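Biologist: Before we discuss particulars, please put the sequence and the model on view. I shall then ask about them point by point.

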Amino acid sequence: MPELPEVEIVKRSLSKITKKAKILDIKIKNKNLRYKVPKRIRKELVNEKIIKISRRSKYLIFHFKDKNLLVHLGMTGKIIIMKNKSKQLYKTSFYYNLNILPQHNHIYFVLNNGFNLIYNDVRRFGFFRFYKKTKLKDINFLKKLGIEPLSKDFNAKYFRINLKKRKKNIKNLLMDQTFISGLGNIYVNEVLFNSKIHPLRSCKKLNKNEIVSLILNIKKILKISILTGGSSIKDFKDASGKSGSFQQFFKVYGRQNKKCSRISCNSKVKKFFISGRSSFYCENCQI
DNA sequence: AGGCATGTTACAGG
DNA sequence: ACCTGTAACATGCC
């Protein structure tokens, strides 16, 4: 599910219902996520008020007084909002509608406002990390991250300055979270198509116009995706169960052998692998 | 049956 | 040091 826009959507839908909410209980059903879920979050966070939820790159941060909970959704992690003691919990239709299975509910947060937050993750690549009296800027996971693509500081100057030592192809550069953080495989494919740049082009050899085009398209695509509720590829739903619709606007991702999305172009979309990740491009439009 | 999947990390080799 | 590809993690879908 989650690249930057999807995480942003989850953050927004969670923020709406967690305002001033206090945690009454935490139930860890399965601690075996990517990293073992720290048992002490129960002791540390019960009775604590959620001050706010923020996002950095693809990470969610739950803020408490002097404490933070860092959450990464991995590939298939979801946070679902459910009414306390709701019978929905036992209804197959509920799970069917959300496209999840109850056996993958791993962690329950019981709030004092009548809602539960449920962490569900099929593949368990997501993780939770707990920090007490640690400043956000001292958290290793966050320290490593490159710039937020929607920030004003992500501009041609940033590109120029930070490109100096890099030799990667442009697709791998945009996937590199230490250069720019928040893009994943889907959005990188889309951005390169929209910018008419071949994914294997050396990042060093892009001209000024191409760099400007990349930056504009990155910002544009992320913003539109957020506005349309994220991409519901396979199964993305926001925390309250709503689907996004940005996947309707995919121009290359998943479109191998289909006609190029540009009306004036009759080429077919090609698929191949770059560093193990599927890559889609139009050989006519992307040079 | 086997390949592939939105993410990240470790490792080997260039 | 930096880069690339591969494998690993665990599960489900086509």
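Modeller: This is a predicted model. I begin with one pair in helix H1: lysine 11 and glutamate 8 are three residues apart there, which means that about one helical turn separates them.

Biologist: How far apart are the closest N and O atoms of lysine 11 and glutamate 8?

Modeller: The two residues form a salt bridge. The cut-off for such a pair is 4 Å. The closest N and O atoms of lysine 11 and glutamate 8 lie at a separation of 3.2 Å.

Biologist: How many salt bridges does the structure hold, and how many are counted between domain 1 and domain 2?

Modeller: Chain A is divided into domain 1, residues 4-143, and domain 2, residues 156-282. For the structure, the number of salt bridges is 14. Between domain 1 and domain 2, the count is zero.

Biologist: What area is buried between domain 1 and domain 2?

Modeller: The C-alpha centres of the two domains are 28 Å apart. Their contact takes 19 residues from domain 1 and 20 residues from domain 2. Carbon and sulfur atoms give 62% of the buried area, which is about 1600 Å².

Biologist: Which residues of domain 1 lose the most area to domain 2?

Modeller: Three residues together account for 32% of what the domain 1 side buries. They are Pro5, Glu6 and Ile9.

Biologist: Which element gives the largest share of the side of domain 1 that touches domain 2?

Modeller: Helix H1 (4-18), strand S5 (77-83) and helix H3 (92-98) each supply at least two residues of that side. By class, the residues there are nine nonpolar, four polar and six charged. The largest share is nine residues, and its source is H1.

Biologist: How many residue pairs are in polar contact across the interface of domain 1 and domain 2?

Modeller: Salt bridges between the two domains number zero. For polar contacts, both residues of a pair must be at pLDDT 80 or more, and the number of pairs found is five.

Biologist: Which residues come nearest to DNA strand C?

Modeller: The surface near this strand has four nonpolar, four polar and six charged residues. Of the strand's atoms within 4 Å of the protein, 68% belong to sugar or phosphate. Of the 14 residues around DNA strand C, the nearest are Arg123, Arg124, Arg166, Lys167 and Ser275.

Biologist: What is the distance from the side chain of arginine 124 to a phosphate oxygen of DNA strand C?

Modeller: Phosphate oxygens of this strand also lie 3.4 Å from a polar side-chain atom of asparagine 169 and 3.5 Å from a side-chain N or O atom of asparagine 172. For an N or O atom in the side chain of arginine 124, the distance is 2.3 Å.

Key: Residues are numbered from 1 along each chain as its sequence is written. Chains are lettered from A and ligands numbered from 1 in the order in which they are written. This is a predicted model: local features need pLDDT of at least 70, side-chain atom pairs count only at pLDDT 80 or more; totals for chains, interfaces and linings use all residues. Side-chain values use heavy atoms; hydrogens and water are left out. Domain bounds come from an automatic or database domain assignment. Contact means heavy atoms within 4.5 Å. Buried area is the accessible area (1.4 Å probe) that two parts lose on being put together, summed over both. A salt bridge is a side-chain nitrogen of Lys or Arg within 4 Å of a carboxyl oxygen of Asp or Glu. A polar contact is a pair of N or O atoms within 3.5 Å; within protein, one must be able to donate a hydrogen and the other to accept it, and residues adjacent in sequence count only if both atoms are side-chain atoms. Helices (H or I, at least four residues) and strands (E, at least two) are DSSP runs, numbered from the N terminus. Ala, Val, Leu, Ile, Met, Phe, Trp, Tyr, Cys and Pro count as nonpolar, Asp, Glu, Lys and Arg as charged, and the others, Gly among them, as polar. A residue is near a molecule or strand if one of its heavy atoms lies within 4 Å of it.
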